[in-house]
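Got your viewer open? Load the model, switch to a cartoon view, and let's take a walk through it together.

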Amino acid sequence: MTSPPPHGRMELSLTPVEAPPQLRADAARNRARLLEAAARLAAEQGAANLTMEAVACAAQVGKGTVFRRFGDRSGLLLALLDHQEQRFQQAFMCGPAPLGPGAPAARRLHAFGPAALRHEDEHRDLYLAAAQLDPVRRHTVPARLVRLTHLTALLREAGTDADPELAAQTLLGSLDPGLTHHLRTDRGMPPSRLEAAWHDLVARMLPPGA
């Protein structure tokens, strides 16, 4: 088994939600055209109403083409999330501190939750549609694993006494789009309360004074 890097630091790379294999130039153009049509429909009708048939019609291709490119509706929704998730990955992996590198691990942990909540709120319809996918699949897509690896590394670096990976899973669970939507819409909680809860949860996982 490979030993973990010193101080919990881990090399991460930007990872699409469901990274497709390398495509020929024409296939890549077709995929981009399908995603453009899907994004337009999602903006007009809501991601929850997006269907493979509608995307095929909007892109003026056969329905089979859409299924071959994305597999199923879940694959299509995850592909739509790809661009937005990469933008967020760019921010926490390469952007300015305290969310990005250059700040102590504890400060980066505190910055991560509010940034994720704001990002997901900007694209709430799409994230909520993706939240309806097979729960096992949602937990194994590369984008979520990047978030998990990042938080695990920061928790380890900050000196948590908890199991770093399970603690990271707990933190990610508090950001679940379905949960935060329920808390804001049905329970009437303002974003400031959810952010305060994130800071409290992070503080409980770190040593005093971290």
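What follows is a set of stops, each with something to select and a note on what is there.

**Stop 1: the whole chain**

Before you zoom in, keep in mind that this is a predicted model. Colour by secondary structure and you'll find 11 helices and 0 strands. Now switch on the surface: about 11,300 Å² of the protein chain is accessible, and 54% of that belongs to carbon and sulfur atoms. Of the 210 residues, 43% are buried. Contacts reach a long way along the sequence too: among those between residues at least 6 apart, 70% join residues at least 24 apart.

**Stop 2: the largest nonpolar core**

Select Leu 109, Phe 112, Leu 151, Leu 155 and Leu 171. These are the residues with the most contacts inside the largest nonpolar core, which has 30 residues. Which elements give two or more residues to this core? Show α4 (73-94), α5, α8, α9 (164-174) and α11 (191-205), and you have them. The largest share, 8 residues, comes from α5.

Now centre on Leu 171 and show what surrounds it. Leaving aside residues up to four places away in sequence, Leu 171 touches Leu 109, Leu 151, Leu 155, Trp 198, Leu 201, Val 202 and Met 205. Apart from this core there is another one, of 26 residues; to find it, select some of its members, including Leu 34, Leu 50, Ala 79 and Val 141. As background, nonpolar side chains tend to be buried together in soluble globular proteins.

**Stop 3: salt bridges**

Time for some charged side chains: the structure holds 7 salt bridges. Begin with Lys 63 and Glu 53, whose closest N and O atoms are 3.5 Å apart. Lys 63 sits in α3 (residues 63-70) and Glu 53 in α2 (residues 52-59), so this pair ties together parts 10 residues apart in sequence. Lys 63 is partly exposed, at 40% relative accessibility, and Glu 53 is partly exposed as well, at 42%.

Next, pick Arg 147 and Glu 120, which meet in a salt bridge at 2.7 Å, N to O. Arg 147 is in α8 (residues 142-157) and Glu 120 in α5 (residues 105-122), so the pair ties together parts that are 27 residues apart in sequence. Are these two buried or exposed? Arg 147 is buried, with a relative accessible area of 7%, and Glu 120 also counts as buried at 7%. Add Glu 85 to your selection: Glu 85, Glu 120 and Arg 147 are linked in a network of salt bridges.

One more pair: Arg 184 and Asp 121, with their closest N and O atoms 2.9 Å apart. Here the link runs between distant parts of the chain, from Arg 184 in α10 (residues 177-185) to Asp 121 in α5, 63 residues apart. Arg 184 is partly exposed at 28%, and Asp 121 is partly exposed at 34%.

**Stop 4: helix α10**

Stay with α10 and select Pro 177, Thr 180 and Leu 183, the buried residues of this helix. Look down the axis: they cover an arc of only 130 degrees, which puts them on the same side of α10. What do they pack against? Show α5, α6 (124-131), α9 and α11 to see the partners.

Finish at the N-terminal end of α10, where Asp 176 acts as a cap. Look for its side-chain oxygen, which lies 3.1 Å from the backbone nitrogen of Gly 178.

Notes:
Residues are numbered from 1 along each chain as its sequence is written. This is a predicted model: local features need pLDDT of at least 70, side-chain atom pairs count only at pLDDT 80 or more; totals for chains, interfaces and linings use all residues. Side-chain values use heavy atoms; hydrogens and water are left out. A salt bridge is a side-chain nitrogen of Lys or Arg within 4 Å of a carboxyl oxygen of Asp or Glu. Helices (H or I, at least four residues) and strands (E, at least two) are DSSP runs, numbered from the N terminus. Buried means under 20% relative accessible area, exposed over 50%, partly exposed in between (1.4 Å probe, protein chains only). A nonpolar core is a set of buried Ala, Val, Leu, Ile, Met, Phe, Trp, Tyr and Cys residues joined through side-chain atoms within 4.5 Å. Contact means heavy atoms within 4.5 Å. The arc is that of the directions from the helix axis to the C-beta atoms. A polar contact is a pair of N or O atoms within 3.5 Å; within protein, one must be able to donate a hydrogen and the other to accept it, and residues adjacent in sequence count only if both atoms are side-chain atoms. Accessible areas come from the Shrake-Rupley method with a 1.4 Å probe; for residues, only the protein chains shown count as cover.
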